[in-house]
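Work through the two exercises below with the sequence and the model in view. Each solution goes step by step.

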Amino acid sequence: MVRYPQPNSTRRADGTSPVRLCVGCRQRASAGELSRVVASDGRLVVDERRRLPGRGAWLHPHPDCLAKAERRRAFPRALRVRGMLDTAGVRHYVERLAESKAGVELPRPERTRKQVDPS
């Protein structure tokens, strides 16, 4: 089997990026806006390079989305693992990112309503 080199960016040939679902707020966003999280030895690890093996879950790097995902117990379900996972590594990553953007307002995922056809 011939394997072609993967591009370094997440953009497709047609110029669009893949769309993923945040496990916290359940909103769709481009993969570039979300962080990939994988389970490793009973704890969550942020996959910054998006190359770690195994099933991944996607999350907005925002404290609200992390809190919602923890409250709903979304990580074990999305990653298909049994039991609880230690989220300290992801929490540290999100807090560090929030501190680095302290002067900049963190964009919250917008809640969109479904469009209903009036006909």
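**Exercise 1.** Why is the sulfur of C65 in no bond with the closest cysteine sulfur, and in which residue is that closest sulfur?

Solution.
This is a predicted model, in which local features need pLDDT of at least 70, side-chain atom pairs count only at pLDDT 80 or more, and totals for chains, interfaces and linings use all residues. Residues are numbered from 1 along each chain as its sequence is written, and side-chain values use heavy atoms, with hydrogens and water left out.

1. A disulfide is a pair of cysteine sulfur atoms within 2.5 Å.
2. The closest cysteine sulfur to that of C65 belongs to C25; it is 3.7 Å away, which is too far for a bond.
3. The structure holds 0 disulfides. C25 is in none, and its nearest cysteine sulfur, that of C22, is 3.7 Å away.
4. C65 has 2% relative accessibility, so it counts as buried (under 20% relative accessible area; exposed is over 50%, partly exposed in between, with a 1.4 Å probe and protein chains only). C25, at 9%, is also buried.

**Exercise 2.** Place R36 in the structure and list its side-chain partners.

Solution.

1. R36 belongs to strand β3, residues 35–40 (strands are DSSP runs of E, at least two residues, numbered from the N terminus).
2. With a relative accessible area of 11%, R36 is buried.
3. The side chains of R36 and D47 form a polar contact of 2.5 Å (a pair of N or O atoms within 3.5 Å; within protein, one must be able to donate a hydrogen and the other to accept it, and residues adjacent in sequence count only if both atoms are side-chain atoms).
4. A polar atom of the R36 side chain also lies 3.1 Å from the backbone oxygen of L52.

Technical notes
Helix = DSSP H or I, 4+ residues; strand = E, 2+ residues; numbered from the N terminus.
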